[in-house]
Amino acid sequence: MNAMIFAPELYALCMSAVFFGFTLTRPNSRRDFLMALTFAAVGIGVCLTAIPASGDLFRGAYRVDLFSQVFKTLLFMGLFLVICLCSELKGIEERLHSEFYLLLTICTLSMMMLVSSVHLLTLYLALELSSYSLYILVFLRKREDYGVDAGVKYFLIGATASAVMLFGFALIYGAVQTAYLGELLRILPTVLDQPLVIFGLLLTLSGFLFKLAVFPFHFWAPDVYEGAPNQVTAYIASASKVGAIAVLLRLVSLTGGNSEYLAHALAILAIITMTVGNLSAMVQKDLKRLLAYSSVAQAGYILLGILSMNPAGYTSVVFYAAALLLMKFTCFMVVVKVADDGRNLSVDGLAGLHKRSPILAMALMLSLFGLAGIPPTIGFTGKLLIFTAAIEKGYFVLVLIAMINVVISLYYYLLVIKAAYLTEPKEALPDLAISPPVKALAGGLVAAMVVVGIFPTYVIAVARAVARLLLA
Amino acid sequence: MPLTYAAFPFLSTILLACVAGLLIILFLPAEREREIKWVSAVCSGITLAISLFLFIAYDQDLGGYQFVERIDWVPSMGITYFNGVDGFGLPMLLLTGIVFFTGVLTMWEMTLRVKEFFALIFLLVTGVFGMFMALDLFFIFVWYDVSLFPMYLLIAVWGSTRKEYAAMKLTLYLLAGSALILPGIIYLVINAGLNTFDLLALSEPGLFTPGQQRFAFLLFYIGFGILAGVWPFHTWSPVGHVAAPTAVSMIHAGVLMKIGAFGVLRLGMTLCPLGWQYWAPLMAFLATVGIVYGAFVGLSQTDVKYVIGYSSVSHMGIVGLGLATVSVDGLNGAVFQMFAHGLMTALFFSSLGYIYDKTHTKTIADLGGMLKTMPVATGYFIVAALTGIGVPCLASFWAELMVFISAFKVYPIYGTLAICALAVTALFILRVVQKVCYGPEQERFAGLPDVSLGLGAPRIILVSVIVIFGLFPSLMFDMIQTATIPFLDRLP
């Protein structure tokens with residue numbers, strides 16, 4: 001086995017081993033935070049150097065290629081960003097901080113394995129590993145009434161979804177007698193007219209649709225977002241989505257892009273998902289719940305790119321995954337920083353933010369405009385790519401529906417922006433103490449969202465190269 | 001159409017001046033209000049100077065797109081940074097420069113959240129300038145949206161009269177428009193199959209079937225028409241005008257609504273000429289309804305700003321009617337009307353803004369005898385009103401004349417109706433002038449200071465431009481004609 005091509009995973013494994021060691025020692029959250037930050041920062045470097053790597057491992061059950069490496073880098077970036085928010089983990093008891101980092105690392109590790117898995121069993125293992133770490137992470141909330149409620153709900157729906165998925169695996173395996181995705185790619189397009197295969201594929205996808213919070217598997221999202229510690233929510237909303245998107249892309253591309261049934265099923269799911277997400281978000285009072293529903297809606301847009309099943313569509317989804325990571329993370333950065341004692345934040349709780357911290361208010365505004373797809377932000381470019389791909393395939397009506405959804409979504413994004421920029425707090429609140437590194441991070445995110453939005457050439461080139469692998 | 005590349009990137013310099021202003025303001029501390037205002041004035045002055053220079057330096061004998069700049073932006077998608085102006089774009093650039101500069105001067109006395117206000121204004125105007133010069137569909141859309149979303153905060157924070165409702169309504173309406181435009185753009189780009197967003201490459205005749213053109217034109221017409229205040233999509237506009245602070249009303253009614261009409265011209269009519277001809281009767285119908293409706297609703301308003309708002313609906317209807325005639329005169333008149341109406345509403349809102357700042361009312365019944373209280377400020381208001389009525393020697397007279405002459409030829413009934421409506425417009429504007437400006441002097445307003453020469457500067461500029469183009473309309477017509485004649489020659 002070539003250890004070099006496995007380097008990012010090995011690195012993450014070492015990182016989790018270190019934190020496992022820490023869990024056995026006296027709690028020291030400052031040490032944990034700094035170690036995690038350093039590890040994650042170096043980890044991005046490791047992932048970047050491993051980008052050119054390629055090869056097969058474990059008897060062909062594990063593939064390292066540009067697709068997996070780019071997504072691994074994105075995942076590690078997500079981990080790093082989330083750890084940046086953990087300087088004060090107020091939502092979690094101090095004695096559990098090492099466990100928090102341990103689980104976060106394991107979750108990232110398992111999602112890195114997920115994007116490399118090309119065998120149904122490794123896929124399942126990786127997915128379960130990441131899910132179980134997330135279940136526990138949700139439970140870690142200091143206020144147990146929140147955490148337990150959300151954790152149980154997450155666990156139950158998650159377990160159901162993975163049972164359904166396993167059944168789908170069985171059906172597919174029964175139909176085509178292989179569990180290697182590479183062979184599936186060859187055989188599946190020829191047997192796609194069999195109802196059994198389509199049904200199996202849909203059940204299989206449902207496991208990942210659950211992760212992405214697509215209708216009808218989206219019910220956990222608002223409760224879990226609300227109940228989990230803010231940093232964990234940030235992770236679920238950003239990094240874990242990236243993993244789910246990657247696997248969905250891998251699976252859907254197996255059909256070779258010519259399955260009408262699948263496209264229609266996904267189209268219906270996409271429409272319902274974005275509409276349900278946007279309409280439900282309009283009435284939310286809690287910012288995290290609102291963002292949860294907005295995540296649901298975003299999943300609908302992503303499905304639109306996936307169901308186009310053409311190179312442009314896959315490119316757009318890869319691009320949008322990166323965009324979503326940035327935008328969603330930025331929103332949750334504001335949540336974490338404004339709710340400085342780890343509480344849940346209502347939309348009204350943003351009142352006076354433009355005075356308390358202008359940079360956070362600006363970051364929030366830009367990320368929300370990005371989520372709504374308004375130029376010149378990265379979110380607009382992503383949506384443009386998705387819509388172009390869909391119209392190329394002839395789904396004009398779908399795009400029109402998506403655009404109407406965009407207008408609906410703008411309504412509640414504007415309400416949040418109004419709270420941050422217009423509403424004055426009932427009693428004067430002190431300025432938020434934002435440390436210079438966080439200010440720099442916020443500034444960097446704003447710059448990244450705008451610069452990539454205006455000048456997306458290089459990111460599109462990478463996304464295109466990644467997408468090409470899916471169709472090879 | 002000949003393309004003349006620029007020796008110096010004047011157009012980008014305009015955008016850079018806006019972006020530079022924006023960045024400088026963002027990095028200045030919020031307390032340095034004086035400096036922020038000076039930076040705004042200087043940067044907006046630069047944009048005005050350059051647009052004036054371009055207007056004069058444009059070679060009218062050569063025609064076509066001049067001062068062109070072109071850089072590949074995203075080669076894999078066929079997006080280019082492609083700017084250029086012709087006889088349609090230049091009047092709009094000049095208008096934007098004038099309204100922007102005078103708008104900044106008009107807000108010289110503001111004190112509430114100055115930094116954010118000017119930063120947002122700069123962002124908005126960057127979008128407007130970009131929209132008028134861009135020749136790439138991607139950038140046209142980007143600039144279009146950039147010019148819209150600052151409106152929400154500008155109205156919701158600094159506005160008056162039901163500001164949050166108005167801001168939300170306006171933003172949602174306008175972005176609903178862009179929800180039609182973006183699919184329209186992608187639809188054409190994909191169907192052309194050239195993998196380019198280049199407006200000129202896509203406007204080659206024969207690229208799209210008549211059916212595609214009809215479909216896409218309708219998307220563009222409704223999408224941009226919302227912003228242009230086309231009846232029945234106009235309802236955001238009076239509410240928005242009323243709620244917005246003075247400079248925003250000026251830019252909004254003066255320039256932003258023109259973006260809508262310009263978008264129909266630049267995208268709809270250029271890319272889908274067959275669709276334009278097909279839908280022209282519908283455009284004429286909606287425009288006429290808008291003219292008549294605006295006039296009659298304006299008649300019953302009690303708030304001066306509402307009156308101006310509805311007169312805008314009426315006047316923008318004239319632009320629509322001009323575009324619908326599919327003739328050189330109609331197009332000339334429509335573009336001239338865009339220019340003239342922009343100046344007129346800017347002057348209207350600017351002069352009214354001063355009166356409102358001092359008296360704190362814009363209800364017609366509460367005002368009266370203002371000509372005695374503050375004769376100069378009211379004088380500007382009267383000039384604006386006269387322009388709105390279309391008195392000869394003022395810019396909009398020529399524009400309306402041209403539109404009506406050609407409308408009579410093509411749509412005699414609509415033309416007659418529109419002219420009758422114009423009489424009603426004249427009636428309600430004169431009624432406002434009479435109630436607000438004349439009559440006995442109001443005791444409680446006595447002693448209010450009149451507008452000083454310095455504060456009056458923006459209005460003086462606006463009045464003089466209106467008079468210059470009213471006395472010498474050929475200055476403008478010769479310019480517009482360089483674009484309209486080749487434009488109509490291209491029609492199949």
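**Note on helix α20 of chain A and the sheet of chain B**

1. In this predicted model, the buried residues of α20(A) pack against four helices of chain A, namely α3 (66-84), α11 (239-253), α14 (311-338) and α19 (436-454), together with β2 of chain B.

2. The helix itself, α20(A), comprises residues 457-471 of chain A, which is 15 residues. From its first C-alpha to its last, α20(A) reaches 21 Å, close to the 21 Å expected at 1.5 Å a residue.

3. Which residues of α20(A) are buried? They are A:Val459, A:Ile460, A:Ala463, A:Val466, A:Ala467 and A:Leu470. These residues cover an arc of only 125 degrees around the axis, and therefore lie on the same side of α20(A). The general principle is that an α-helix has 3.6 residues a turn, so residues three or four places apart point the same way.

4. The strand β2 of chain B belongs to an open sheet of three strands, arranged in the order β1-β2-β3 (chain B) with mixed pairing. Because β1 (3-5) and β3 (79-85) of chain B stand at the edges, each with a single partner strand, one side of each has no neighbour in the sheet. On average, neighbouring strands of this sheet are turned by 45 degrees against each other, direction ignored.

5. In which sense do β1(B) and β2 of chain B pair? The pairing of β1(B) with β2 (residues 65-74) is parallel and runs over two bridges. Opposite B:Tyr5 stands B:Val68 in β2(B).

6. Chain B also contributes helix α1 (residues 10-27), which lies across β2 and β3 of chain B. This helix runs at about 70 degrees to β2(B).

How values were computed. Residues numbered from 1 in each chain as written. Chains lettered and ligands numbered in written order. Predicted model: local features only at pLDDT ≥ 70, side-chain atom pairs only at ≥ 80, totals over all residues. Pairing = 2+ DSSP bridges. Axes fitted to C-alpha atoms, helices over the stretch in contact; angles between N-to-C directions. Contact = placed C-beta atoms within 7 Å. Expected span 1.5 Å × (residues − 1). Buried ≥ 20, exposed ≤ 12 C-beta atoms within 10 Å, placed from the backbone. Arc of directions from axis to C-beta.
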